[in-house]
Amino acid sequence: MKKIFAANWKLHKTPAETRAFFKSFKEVSAKATGELVFFPSAISLEAACDTVKGSNIHIGAQNCYAQNQGAFTGENSAQVVKELGGDYILIGHSERRQLFGETDGLIAEKVAMVQNLGLTPMLCIGETLQEREAAHTFRVLETQLLLGLAKADKSKPLVIAYEPVWAIGTGKVATPEQVAETHTDVHGILTKLGFTAPILYGGSVKADNAPTLIAQPHVSGFLVGGASLEVDSFIKIATV
Ligand code: PEP
């Protein structure tokens, strides 16, 4: 399975900061040992797509609506992301689920629509601390995959990002044992549902924990928040 190193910039970096980042990142991007994907904020997408043209860097949006156009004030269209040159859409990040009330049903529509446009959905799944402590992790992930992929096409590209909610932006990374066990479970659920997809780990990945985490079974790369904002820290992760 190919390795993917993805960067979720959340609500960081203006268009000018985005251009400046890629100008220096392009000087080191050839060292990456897998595919590079960046998710800038929607307003910085055009700056990102323009600046990475001709490089090995892929761009995606952090979200899109489940329709390409229409009376949906404030939403973003995957069709526009495609026209700008983007290849990926992040779907169902825990911040979208928790802060913006995204349901598995809406997420399933987005996954299908993105695939139909010829872009790759990166579907995020993950349990809360409360769910892990109650030993519900498997059930939560199984439900998120079953419902989130209900309308997906098994023959089209798909990437899964397993991100334990309690590890996102907290500095509390999952242990190698937890990552091994959970990625093996996610791989098993996907296989049972008939999907083949790279499974990325996300949640406080840093240059120092990346080598141990990438060595775990069914870990095909990372989705990185905080440590993706600086060229040096992200390229160290992307060269494990
Ligand atoms: C994320 O936002 O998806 C993420 C994993 O963030 P961090 O690496 O900062 O935990």
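Reader: Which residues in H1 meet which residues in H2?

Author: This is a predicted model. In it, Pro-15, Thr-18, Arg-19, Phe-22 and Lys-23 of H1 meet Ala-47, Ala-48, Thr-51 and Val-52 of H2. By class, that contact has five nonpolar, two polar and two charged residues.

Reader: What makes Thr-18 and Thr-51 polar and Pro-15 nonpolar in that count?

Author: Pro is on the nonpolar list, along with Ala, Val and Phe. Thr is on neither the nonpolar nor the charged list, so Thr counts as polar.

Reader: Why are H1 and H2 called roughly parallel?

Author: Their packing angle is about 25 degrees, with the axes 8 Å apart. Angles under 35 degrees count as roughly parallel, so the label fits H1 and H2. Their crossing is right-handed.

Reader: What is the term for the way H7 and H8 cross, and why?

Author: Helix H7 (residues 137–148) and helix H8 (residues 176–193) cross at roughly 40 degrees. Roughly parallel needs an angle under 35 degrees, and roughly perpendicular begins at 65, so this crossing is oblique. The axes come within 10 Å. H7 passes H8 in a right-handed crossing. The residues of this contact divide into eight nonpolar, two polar and three charged.

Reader: How do you know that Asn-8 makes a polar contact with the ligand?

Author: A polar side-chain atom of Asn-8 lies 3.2 Å from a ligand oxygen atom. The cut-off is 3.5 Å between N or O atoms, so the pair qualifies.

Reader: What part of Gly-169 and of Ser-204 faces a ligand oxygen atom in such a pair, backbone or side chain?

Author: Backbone, for Gly-169, at 2.6 Å. Ser-204 also uses a polar backbone atom, at 2.8 Å.

Terms used
Residues numbered from 1 in each chain as written. Predicted model: local features only at pLDDT ≥ 70, side-chain atom pairs only at ≥ 80, totals over all residues. Heavy atoms only, no water. Axes fitted to C-alpha atoms, helices over the stretch in contact; angles between N-to-C directions. Helix = DSSP H or I, 4+ residues; strand = E, 2+ residues; numbered from the N terminus. Parallel < 35°, antiparallel > 145°, perpendicular 65-115°, else oblique. Left-handed = near helix turned anticlockwise from the far one by under 90°. Contact = heavy atoms within 4.5 Å. Polar contact = N/O pair within 3.5 Å; in protein donor to acceptor, adjacent residues only side chain to side chain.
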